[in-house]
Amino acid sequence: MSSNRPYLIRALYQWIIDNGLTPYLLVDATVIGVEVPHQHVSNGKITLNIHPNSIRDLSLENDWFSFSARFSGISHQILFPAQATLAIYAKENGQGMKFNEEDRSPPPPPNPSSPNPLSRKPTLRIVK
């Protein structure tokens, strides 16, 4: 079976947003494939504010998470395997979930022939 971690993260993200709070992710920056600004890593971990007002183009896929964020006024593309996520919680009250260590080998990198998830344009379609 696939990991339930990305499903739980998406659900908790939505719950935190619905309650008007700020979702934070704690990410293990030592996992292969993690692309974050290393000057903001402390003890091998980085805390990321993923509130919609703080980031752009959030993608919480089953294998990889990505978004664009500003650190010290400089825009960075953030990309990391879902399995690198150690916790998701609300900044204001600490409610959320910590994840157990499990197989932390990263999934295969995104297919270079598929479009970059950060460059996708929103599309509309007619639903009848």
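Reader: Which residues does Leu48 touch, leaving out those up to four places away in sequence?

Author: Leu48 touches Pro23, Tyr24, Leu25, Val27, Phe67, Phe71, Ile78 and Phe80. This is a predicted model, by the way. To be listed as touching, two residues need heavy atoms within 4.5 Å of each other.

Reader: What makes Leu48 and Phe80 stand out in the largest nonpolar core?

Author: They touch the most other members of that core, which has 27 residues. Members must be buried nonpolar residues joined through side-chain atoms within 4.5 Å. The elements giving two or more residues to it are α1, β1, β2, β3 (55-60), β4, β5 and β6.

Reader: How do you know which way the side chains along β2 point, and which of them are buried?

Author: They alternate: Ile46 and Leu48 point to one face and are buried, while Lys45, Thr47 and Asn49 point to the other and are not. Buried here means under 20% relative accessible area.

Reader: And what makes you say β6 is mostly covered?

Author: Just a head count: β6 has six residues, and five of them are buried. For the protein as a whole, 38% of the 128 residues count as buried.

Reader: Let's talk sheets. Why are β2 and β7 called edge strands?

Author: Four strands form an open sheet in the order β2-β1-β6-β7, with antiparallel pairing. β2 (45-49) and β7 (96-98) each have a single partner strand, so one side of each has no neighbour in the sheet. Neighbouring strands in this sheet are turned by 20 degrees against each other on average, direction ignored.

Reader: How do you know that the neighbours in that sheet really count as paired?

Author: Two strands pair if there are at least two bridges between them. β1 and β2 have five bridges, five more join β1 to β6, and β6 (residues 85-90) and β7 have three. Each of these counts meets the cut-off of at least two, so each couple is a pair. You can look up some partners yourself: Val27 has Ile46 in β2 as its bridge partner, and Leu25 has Ile88 in β6. Ile88 also stands opposite Met97 in β7, and Ala87 stands opposite Lys98 in β7.

Reader: What about the hairpin of β6 and β7, where is the positive phi?

Author: At Gly94, with a phi near 75 degrees; the hairpin has five residues between the strands.

Reader: What does helix α1 pack on?

Author: Helix α1 (residues 5-18) packs on the four-stranded sheet, touching β1 (23-28), β6 and β7. The direction of α1 makes about 15 degrees with that of β6.

Reader: Which strands are at the edges of the other sheet?

Author: That open sheet runs β3-β4-β5, and its pairing is antiparallel. β3 and β5 are the edge strands, as each pairs on one side only. The twist averages 15 degrees from one strand to the next. Four bridges join β3 to β4, and Ser59 stands opposite Ser66 in β4.

Reader: Now the rings. Why is the pair of Tyr24 and Tyr89 called edge-to-face?

Author: To pair, ring centres must lie within 6.5 Å, and planes over 60 degrees apart make the pair edge-to-face. Tyr24 and Tyr89 are 5.8 Å centre to centre, with 70 degrees between the planes. Both conditions are met, so edge-to-face is the label. Tyr24 is in strand β1 and Tyr89 in strand β6, 65 residues apart.

Reader: Why does Tyr24 count as buried, and how is Tyr89 classed?

Author: The cut-off for buried is under 20% relative accessible area, and exposed needs over 50%. Tyr24 has 18%, so Tyr24 counts as buried. Tyr89 has 23%, which lands in between, so Tyr89 is partly exposed.

Reader: How many aromatic pairs are there?

Author: Two. In the other one, the centres of the Phe65 and Phe80 rings are 5.6 Å apart and the planes are at 80 degrees, so this pair is edge-to-face too. Phe65 lies in strand β4 (residues 64-71) and Phe80 in strand β5 (residues 74-81), so the pair ties together parts 15 residues apart in sequence. Phe65 and Phe80 are both buried.

Reader: What makes you say the charged end of Arg10 sits over the ring of Tyr7?

Author: The rule asks for a distance within 6 Å of the ring centre, and within 35 degrees of the ring normal. The charged end of Arg10 is 4.8 Å from the centre of the Tyr7 ring and counts as sitting over that ring.

Conventions
Residues numbered from 1 in each chain as written. Heavy atoms only, no water. Axes fitted to C-alpha atoms, helices over the stretch in contact; angles between N-to-C directions. Phe/Tyr/Trp six-rings, centres within 6.5 Å; stacked < 30°, edge-to-face > 60°. Buried < 20%, exposed > 50% of the residue type's maximum accessible area, 1.4 Å probe, protein only.
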